[in-house]
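Me: I would like to work through a protein model by question and answer. Please give the reasoning before each result.

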Amino acid sequence: WWDSLERLILIPKEFPSEIELQVNGKTHSWNMSSNNTRINSTDWNVLSEYELSSRCQFYKDLHILLKPLSNKERSKVLTAIANKSSQQEKVRSSHRTLSRDELVSMASSDCVTIGAHTRSHSQLSNLNILDQKDEIITSKETIEKWLKQPVSVFAYPYGTKADYNLHSISICRKAKFLKVASNYPGQLHSWTNPMKIPRQIVRNWDLGEFQNKLNSFINN
């Protein structure tokens, strides 16, 4: 959904200077009459501590508002943005998901392990236990059906310690996942809880920066 948010807000040449949205039952409004420009820089992202234009702040605000919502509620807001900005809800070919055939082909590689990641990439900690179970188990069963092989690894959506809870861990354990990845820095040891494996985030770095980051990961 953040790819859709980027496409709808940061990419268009023209964008409304004022916009009002209903998010989770509340009305939110933004004035972007100043510095309402598209974003061409690949250096800026949602974690940047600076804004290149008023659209960057709008994107950040919506990222915070949409993250805890259900997939259905998020989709409503994205549709509203598309309508208010006269855009089509069309996924960019460069940002589409894998097709089923592509997933099957990738799974045949000895260098790849396919894991589950929920149905809709919702924040598990904001869901009740039944909805969490549906997100996790259905994801696992669907991929196993497609690949005709067991799926034994899982990654929590977003993956910070605030994004999953004890219910999430219990469901993953009962689903017989052998390893579950979170998304905060750390190293894997023999004593690490297999339901909370730390993970180093990797961005779109060039080779030199990746080598430097890799060295820091290993040394830390």
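Me: In which helix do Lys76 and Glu73 both lie?

Reply: The model is a predicted one. Lys76 forms a salt bridge with Glu73, and the two residues are three apart, about one turn of the helix. The helix in which both lie is α3.

Me: How far apart are the closest N and O atoms of Lys76 and Glu73, and are the two residues buried or partly exposed?

Reply: Lys76 has a relative accessibility of 48% and counts as partly exposed. Glu73, with a relative accessible area of 28%, is also partly exposed. The closest N and O atoms of this salt bridge are 3.4 Å apart.

Me: What distance should the 14 residues of helix α3 span?

Reply: Helix α3 comprises residues 71-84, and the reckoning uses 1.5 Å a residue. Because the expected span is 1.5 Å times one less than the number of residues, the end C-alpha atoms offer a direct check. They are 20 Å apart, in agreement with an expected span of 20 Å.

Me: Over what arc around the axis are the buried residues of α3 spread?

Reply: The buried residues of α3 are Arg74, Val77, Leu78, Ile81 and Ala82. They lie on the same side of α3, because the arc they cover around the axis is only 140°.

Me: Which elements do the buried residues of α3 pack against, and which residues are exposed on the other side?

Reply: The packing partners of the buried residues are α1 (2-9), β1 (18-23) and α2 (54-66). On the other side of α3, the exposed residues are Lys72 and Asn83.

Me: Which residue just after α3 takes a positive phi?

Reply: Helix α3 consists of residues 71-84. Just after α3, a positive phi of about 55° is found at Ser86.

Me: How many salt bridges does a search of the whole structure find?

Reply: One of them joins Arg96 to Glu102, with the closest N and O atoms 2.7 Å apart. Arg96 is partly exposed at 45% relative accessibility, and Glu102 is partly exposed at 30%. For the whole structure, the number of salt bridges found is seven.

Me: How many residues apart in sequence are the parts tied together by Asp163 and Lys67?

Reply: The side chains of Asp163 and Lys67 meet in a salt bridge of 3.2 Å, N to O. Asp163 lies in the loop between β3 (153-155) and α6 (166-174), whereas Lys67 lies in the loop between α2 and α3, so the pair ties together parts whose separation in sequence is 96 residues.

Me: Why does Asp163 count as buried?

Reply: Buried means under 20% relative accessible area. Asp163 therefore counts as buried, since its relative accessibility is 1%.

Me: Which residues is Ile129 in contact with, leaving aside its neighbours within four places in sequence?

Reply: Ile129 is placed in helix α5 (residues 129-147) and counts as partly exposed at 41% relative accessibility. Its C-alpha atom is 9.8 Å from that of Ser170, although Ile129 and Ser170 are 41 residues apart along the chain. Beyond the sequence neighbours set aside, the contacts of Ile129 are His167 and Ile171.

Me: What is the area of the nonpolar surface patch that includes Leu214?

Reply: Leu214 lies in helix α7 (residues 207-219). With a relative accessible area of 38%, Leu214 is partly exposed. Together with Val202, Leu207, Phe210 and Ile218, Leu214 makes a nonpolar surface patch of about 470 Å².

Key: Residues numbered from 1 in each chain as written. Predicted model: local features only at pLDDT ≥ 70, side-chain atom pairs only at ≥ 80, totals over all residues. Heavy atoms only, no water. Patch = residues over 30% accessible without salt bridge, like charges linked within 9 Å, V, L, I, M, F, W, Y side chains within 5 Å. Areas by Shrake-Rupley, 256 points an atom, 1.4 Å probe, with all protein chains shown as cover. Salt bridge = Lys/Arg side-chain N within 4 Å of Asp/Glu carboxyl O. Helix = DSSP H or I, 4+ residues; strand = E, 2+ residues; numbered from the N terminus. Buried < 20%, exposed > 50% of the residue type's maximum accessible area, 1.4 Å probe, protein only. Arc of directions from axis to C-beta. Contact = heavy atoms within 4.5 Å.
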